[in-house]
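Please look over the sequence and the structure shown here before reading on. The report that follows moves from one arginine to salt bridges, strands and aromatic rings.

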Amino acid sequence: MARGSGGIRMGNYLADKHFQSSEKYDDYRFVHWSAVDYFCYFSHSYVTIPPSGWINAAHRHGVPVLGTYIVEGDTLLNEVLASPDSVERAVAALTRLCLHFQFEGWLVNVECAVRPTAMNNLYLFVEKLRLATETQVPHGRVFWYDSVIDSGQLNWQNELNERNVQFFRRSHAMLINYSWNDRSLETSAAVMEEEQAAGQRLFMGLDVFGRGQLAKFQSAQTLSRIARRGFSAGIFAPGWCFETLSRFGYNIHNTQGDESVNAAFLARNERWWSRLWPWLGTHAYRKLPFYTDFCVGSGRSSYQCGARSDERGFFNLARQALQPSVPLDGNAEHSFDVAFAGGCALRMLNYERAFRLFLTQFELPLGVLLLGYAHKLEDHAMDIVLRCSVPGKQAQDLYLFCGAYAAPILTPGLCYMPPLATATLAPQLQHVQLAGQLTDNWQVRYYLIRFDGPVQLLDIGVKCRRPAESSASSYLGAIYVQRLQLTDWQAAAATMGKVELPAYQTQLWNAAPAPQAAAAE
């Protein structure tokens with residue numbers, strides 16, 4: 001498995017520079033944050049500061065963001081490398097930018113020849129920038145791009161070797177140009193061993209447009225070669241899924257957005273990422289409270305409690321909610337014409353089996369769990385499925401199906417939970433986004449559960465069922481998870497439907513088979 005990955009994004013989409021919003025809701029959006037360790041916003045400007053929307057979306061998902069420092073002509077670089085003092089001034093300026101705009105560091109890309117007499121100052125620049133970012137910028141990082149070599153020539157090596165290893169030593173990581181081969185992997189591995197460096201510090205380039213490697217919808221073949229060596233992957237231009245839609249007759253430049261473009265991009269993007277996923281590490285969500293309305297940072301309209309609150313389209317990545325941990329491909333899709341909050345909801349496509357939405361590591365030391373979710377159904381049934389375990393013993397798990405059950409059903413490995421009578425749940429325990437006046441047949445369910453010991457919540461999934469003759473759609477609009485104090489549980493004494501779950505006392509923990517939901521009553 002590839003334990004590290006980085007997303008390199010080309011700055012070709014101008015709508016994302018606006019702080020407030022644009023109306024081009026179909027523009028490129030990145031949603032697969034759970035597979036990414038670092039996100040680099042790339043352009044060919046001398047200094048590229050990532051737009052605030054991208055910084056906000058990445059940070060909400062716990063992903064550090066890098067800007068780009070690129071020189072493609074020697075005039076500016078000569079000024080920086082003129083003396084140790086000029087190096088210090090440049091480093092100080094770049095560090096201040098990180099601190100002011102709150103991103104984590106830089107990809108340094110020197111795409112021009114350097115005078116041999118200036119090489120010592122170039123090494124000094126990289127080392128000083130690394131030291132400044134790691135000491136002054138929270139989670140600061142500096143990546144060096146495989147470009148200039150020790151002689152000062154611009155000569156992409158497509159591997160780590162003795163000609164560029166000095167840059168590797170002075171940076172946190174190196175991004176290798178994308179025209180490598182199997183021999184390049186062998187050479188890089190040998191140098192990494194000599195350096196006694198972790199393989200994750202070397203990011204092998206994978207250009208999605210296909211320069212140098214198998215790519216596009218065959219990208220997984222290239223990624224597998226990287227992963228088997230224990231290296232990280234530097235994924236160049238994942239926006240390929242969007243940019244190339246114009247080849248199939250889509251107008252991706254409509255400033256108001258186009259629903260055919262939006263739907264085609266999202267489906268194509270899910271299909272591409274799902275092929276890569278077996279070779280990517282997936283980061284779990286760890287912080288509570290947890291809330292998402294699934295908004296991808298854009299919409300044809302804005303919604304609140306199921307009602308349109310603003311008819312205008314919007315593109316604003318600062319509004320992006322927490323996204324599923326795995327590709328939705330074939331299980332659900334983002335719906336822009338029906339939504340609970342933000343700009344979209346999840347429309348169910350899989351009515352046959354339960355599937356994962358979120359990988360989590362939520363600690364519930366007191367064993368008190370509150371779950372809420374918004375759904376829109378017709379003659380269907382929906383359960384949110386929680387996989388819980390004994391802390392430190394993930395093989396001992398218990399699936400909770402939180403659906404429309406009249407009473408708890410407790411069996412080893414599988415338990416079925418009834419919803420609360422929402423009117424009896426104290427307002428301070430309800431999430432503010434789920435507490436408004438519901439419209440358009442949206443409903444909210446809450447579940448209050450107390451285990452008889454500490455619990456770890458490892459997965460959040462969904463199981464939806466509909467009659468065979470039905471073609472109507474089911475929607476999931478929001479999910480809320482929170483751990484409560486014992487005082488909250490005691491204060492909820494009058495709440496109808498709360499469940500005491502004696503998982504330890506009655507030995508409900510078990511290595512359960514693939515779960516199937518019971519029929520809702």
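## Arg347 and its surroundings

Arg347 is buried, with a relative accessible area of 14%, where buried means under 20% relative accessible area, exposed means over 50%, and partly exposed lies in between, for a 1.4 Å probe and protein chains only. The model is a predicted one, in which local features need pLDDT of at least 70 and side-chain atom pairs count only at pLDDT 80 or more, while totals for chains, interfaces and linings use all residues. Residues are numbered from 1 along each chain as its sequence is written, and side-chain values use heavy atoms, with hydrogens and water left out.

Arg347 belongs to strand S16; strands are DSSP runs (E, at least two residues) and helices likewise (H or I, at least four), numbered from the N terminus. Its side chain makes a polar contact of 3.3 Å with the side chain of Ser335 and another, of 2.9 Å, with the side chain of Asp337. A polar contact is a pair of N or O atoms within 3.5 Å; within protein, one atom must be able to donate a hydrogen and the other to accept it, and residues adjacent in sequence count only if both atoms are side-chain atoms.

## Salt bridges

How many salt bridges does a search of the whole structure find? The search finds 19, a salt bridge being a side-chain nitrogen of Lys or Arg within 4 Å of a carboxyl oxygen of Asp or Glu. Three of them are set out here.

| Salt bridge | N to O distance |
|---|---|
| Asp207 and Arg211 | 2.7 Å |
| Arg308 and Glu311 | 3.9 Å |
| Asp337 and Arg347 | 2.9 Å |

The pair of Asp337 and Arg347 links distant parts of the chain, with Asp337 in the loop between strand S15 (332–335) and strand S16 (345–348) and Arg347 in strand S16, 10 residues apart. Asp337 is partly exposed, with a relative accessible area of 38%, whereas Arg347 is buried. Salt bridges that share partners also join Arg356, Arg387, Asp397 and Asp459 into one network.

In the pair of Asp207 and Arg211, Asp207 counts as buried at 0% relative accessibility, while Arg211 is partly exposed at 46%. In the pair of Arg308 and Glu311, Arg308 is partly exposed at 44% and Glu311 is exposed, with a relative accessible area of 58%.

## Strands and their partners

Strand S23 (residues 443–451) is mostly covered, as 7 of its 9 residues are buried. Strand S18 (residues 368–376) pairs with S23 in the antiparallel sense over 8 bridges, and here two strands count as paired if DSSP finds at least two bridges between them. Within S23, Tyr446 is the bridge partner of Gly372. S23 is also joined to strand S26 (residues 499–501) by 3 bridges, and these two strands run parallel; Arg450 stands opposite Glu500 in S26.

An open sheet is formed by 6 strands in the order S17-S24-S19-S20-S22-S21, with mixed pairing. Strand S17 (355–364) and strand S21 (409–411) stand at the edges, each with a single partner strand, so one side of each is left without a neighbour in the sheet. Neighbouring strands of this sheet are turned by 20 degrees against each other on average, direction ignored, with axes taken as lines fitted to C-alpha atoms, for helices over the stretch in contact, and angles running from 0 to 180 degrees between N-to-C directions. Strand S19 (residues 381–390) and strand S24 (residues 455–465) pair in the antiparallel sense over 9 bridges, and Val385 stands opposite Gly461 in S24.

## Aromatic rings

A search of the whole structure finds 35 aromatic pairs. Rings of Phe, Tyr and Trp (its six-membered ring) pair if their centres lie within 6.5 Å, and planes under 30 degrees apart count as stacked, over 60 as edge-to-face and the rest as tilted. One of the pairs is that of Tyr38 and Phe143, which is edge-to-face, at 5.1 Å centre to centre and with 65 degrees between the planes. Tyr38 lies in strand S2 (residues 38–42) and Phe143 in strand S6 (residues 141–145), so the pair ties together parts that are 105 residues apart in sequence. Tyr38 and Phe143 are both buried.

Ring pairs also link a cluster whose members include Tyr28, Phe30, Trp33, Trp54 and Trp277. Arg319 lies over the face of Phe314, at 3.7 Å from the ring centre, and the charged end of Arg466 sits over the ring of Tyr351, 4.0 Å from its centre. A charge sits over a ring if NZ of Lys or CZ of Arg is within 6 Å of the ring centre and within 35 degrees of the ring normal.
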